[in-house]
There are 2 protein chains.
Amino acid sequence: MSDVDDTPLGRAFRIMETLSSHPDGLTLSEIAAATELVVATVHRQLNTLISVGAVRKLNTKAFVLGERMWVIASQMTNGADITHSAAPVLKDLADRFGETTFLARLADSTVEVMSTCTPTAFGQSFVQPGRGMPLYAAATGKILLALSTDSFIDDYLKLPRTAFTANTKVDEDDIRAEIAQIRERKIAICNNEFDPGILSYAAAVEDRRTGLTYALAVFGLADRFSSIDRGTVETQLLNAAQRLSLSLRSNGK
Amino acid sequence: MSDVDDTPLGRAFRIMETLSSHPDGLTLSEIAAATELVVATVHRQLNTLISVGAVRKLNTKAFVLGERMWVIASQMTNGADITHSAAPVLKDLADRFGETTFLARLADSTVEVMSTCTPTAFGQSFVQPGRGMPLYAAATGKILLALSTDSFIDDYLKLPRTAFTANTKVDEDDIRAEIAQIRERKIAICNNEFDPGILSYAAAVEDRRTGLTYALAVFGLADRFSSIDRGTVETQLLNAAQRLSLSLRSNGK
DNA sequence: TCCACTTTTCCGAAATTCGGAATTTCGTGT
DNA sequence: ACACGAAATTCCGAATTTCGGAAAAGTGGA
């Protein structure tokens, strides 16, 4: 529309802008009409946008913004949309077990806690949003590490480690063995390995829009929390993670 | 990095991706290093990105993602980040007056309520998230309309209007007069003009990142709510809007 | 099958980008 | 104030990419 938009990049942005307000996708001709661009141009632009991952083609007819744009948007908003979708899930889980729950992600080789939820009518949380937990000790760290690429794991394991408690696993072989197990069971457990006296479980949440994975975790004093059957916790947690993952698919308001 | 990224668009995306994870900005040479691109290329790309509004230059040294990207990100996430920042402000206001508060935006010529907050320990809300209110009757509608461009207002006033109550202003001159007043006072009031028996106040929240404006509103039964001094409500509301607007500047975690 | 519409392909002209190298500006220490 | 090294900006010919009208191919309904 504006004069500065009459450049290759400007046209690409006009298209992306149009797609951004149509989550269900638009067809080639609809995009051309909305952007006031020539059909052939839109067609070519869409293909280059697709080739860099900024746009995705749905059912051979509709186009939507692609993974690359979602990753950028997620970064820009600090994952606000995921935090948003996660709130009810965190609350549900917290109330179900009477323990603190939280959502975390990988950032610069450490765990960044994005949001937490304490069971209604209960004291304050042990984890504060922010970053800092290592990937080899806390449950969230373990699950995030286990689901990373092998090359990332290799690099990470070259870094030095600290034994936070007597239970902390610092030996590379031990950690690799646990990673294998976590990959199979889809659940990570941390019993007295990071914070003394604390037991926590974590499951992965897959964001299909960005390809990024997050960790959903429950967290409590071992004395109290270990009285709840382990299988029950795991099932509920996996269930919640699944639910959250699905709710991210079409970014339902 | 990838082979498909060796195209003009791919390079632009590499740069935007890099900037997305550095909210405080990066210098030209830092970007060049991070993206593994030649400095001259990054320099040129940044200029074209700036010319389309995708990137903004800070203090003559640092670059950050620009308005255009924020608008797109905001659209993609359905304003999740604003909703997120607004939550505490909404809650504070709601508790202060004991009335329902909400955040809304303009969408397709109607008001879309993004999130609501009822005072703690009180019944349910009158407004449900979703869309539908007209721009000439509800307080949120009025403020959003008043702050739109003149051409938008002209177009909008050509549409037909309905008198929801005996107080609804439907005459074009009346509406234009009120718009002028709202622009000056920065506050819109709706007393019994849309929902019968309801009094509401709305103020504008400016999102400097996107250039978009949102409406922050308080909402209550006229019988009860009108007992609170009008000046007090307006001051508090403007104050809250200001606070929210500032918290959007640097998207603090 | 025919028709109307949408999508894809073609292609020469025009615009944009690339990046090495030269030039200018900026920040600092003396 | 002056000099020096790093960062930013400008230059420019070669190479790549884009543009959009027009033709061809594909789609779906009557």
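**α6 against α8 in chain B**

I started with how α6(B) and α8(B) sit relative to each other in this predicted model. Helix α6 of chain B covers residues 139-146, helix α8 of chain B covers residues 172-185, and their axes cross at roughly 80 degrees. I had the axes coming within 9 Å. Angles of 65 to 115 degrees count as roughly perpendicular, and α6(B) and α8(B) are therefore roughly perpendicular to each other.

Which residues make the contact between α6(B) and α8(B)? From α6(B) I listed Lys142(B), Ile143(B), Leu145(B) and Ala146(B). From α8(B) I listed Glu178(B), Ile179(B), Ile182(B) and Arg183(B). Sorted by class, the contact of α6(B) with α8(B) comes out as 5 nonpolar, no polar and 3 charged residues.

**α4 against α4, across the chains**

Next I went to the pair α4(A) and α4(B). Helix α4 of chain A, residues 67-76, packs on α4(B) at an angle of about 95 degrees, and the axes are 9 Å apart. With 65 to 115 degrees as the range for roughly perpendicular, α4(A) and α4(B) are therefore roughly perpendicular to each other.

I wrote down who meets whom. On the α4(A) side there are Met69(A), Trp70(A), Ala73(A) and Met76(A). On the α4(B) side there are Met69(B), Trp70(B), Ala73(B) and Met76(B). I found 8 nonpolar residues in the contact of α4(A) with α4(B), and no polar or charged ones.

**The whole contact between chains A and B**

How many residues does each chain put into the contact? I got 34 residues from chain B and 32 residues from chain A. On the side of chain B that touches chain A, the elements supplying at least two residues each are α1, α3, α4 (67-76) and α5 (80-97) of chain B. Of these, α1(B) gives the most, with 8 residues. I then split the side of chain B that touches chain A by class and got 17 nonpolar, 12 polar and 5 charged residues.

**Around DNA strand C**

I moved on to the DNA, taking strand C before strand D. I found 19 residues around DNA strand C, and the ones that come nearest are Thr27(A), Leu28(A), Ser29(A), Ala40(A) and Ala40(B). Both chains show up among the elements: α1, α2 (28-35) and α3 of chain A, plus α1 and α3 of chain B, each give two or more residues to the surface near DNA strand C. Which helix gives the most to the surface near DNA strand C? That is α3(B), with 5 residues. By class, I noted 9 nonpolar, 7 polar and 3 charged residues for the surface near DNA strand C.

**Around DNA strand D**

For DNA strand D I again asked what lies around the strand. There are 19 residues surrounding DNA strand D, and the closest are Ala40(A), Thr27(B), Leu28(B), Ser29(B) and Ala40(B). Here α1 (8-20) and α3 (39-51) of chain A join α1 (8-20), α2 (28-35) and α3 (39-51) of chain B, each with at least two residues of the surface near DNA strand D. The one that gives the most to the surface near DNA strand D is α3(A), with 5 residues. My class split for the surface near DNA strand D reads 9 nonpolar, 7 polar and 3 charged residues.

**Helix α1 of chain A**

I checked the span of α1(A). The helix has 13 residues and reaches 19 Å from its first C-alpha to its last, close to the 18 Å expected at 1.5 Å a residue. Which residues of α1(A) are buried? I have Gly10(A), Ala12(A), Phe13(A), Arg14(A), Ile15(A), Met16(A), Thr18(A) and Leu19(A).

**Asn192 in both chains**

Asn192(A) caught my eye: its phi is positive, about 65 degrees, although the residue is not a glycine. I placed Asn192(A) in the loop between β6 (187-191) and β7 (198-206) of chain A. Asn192(A) is partly exposed, with 16 other C-beta atoms within 10 Å.

I looked up Asn192(B) as well. Asn192(B) has a positive phi of about 65 degrees and is not a glycine. Asn192(B) is in the loop between β6 (187-191) and β7 (198-206) of chain B. I counted 16 other C-beta atoms within 10 Å of Asn192(B), which makes the residue partly exposed.

**Chain A as a whole**

Last, I took stock of chain A. I counted 10 helices and 8 strands in chain A. The C-alpha atoms of chain A fill a box of roughly 65 × 45 × 30 Å along the principal axes. Of the 253 residues of chain A, 43% count as buried. For contacts in chain A between residues at least 6 apart in sequence, I noted that 58% join residues at least 24 apart.

Conventions:
Residues numbered from 1 in each chain as written. Chains lettered and ligands numbered in written order. Predicted model: local features only at pLDDT ≥ 70, side-chain atom pairs only at ≥ 80, totals over all residues. Near = placed C-beta within 6 Å. Helix = DSSP H or I, 4+ residues; strand = E, 2+ residues; numbered from the N terminus. Nonpolar A, V, L, I, M, F, W, Y, C, P; charged D, E, K, R; others polar. Contact = placed C-beta atoms within 7 Å. Expected span 1.5 Å × (residues − 1). Buried ≥ 20, exposed ≤ 12 C-beta atoms within 10 Å, placed from the backbone. Axes fitted to C-alpha atoms, helices over the stretch in contact; angles between N-to-C directions. Parallel < 35°, antiparallel > 145°, perpendicular 65-115°, else oblique.
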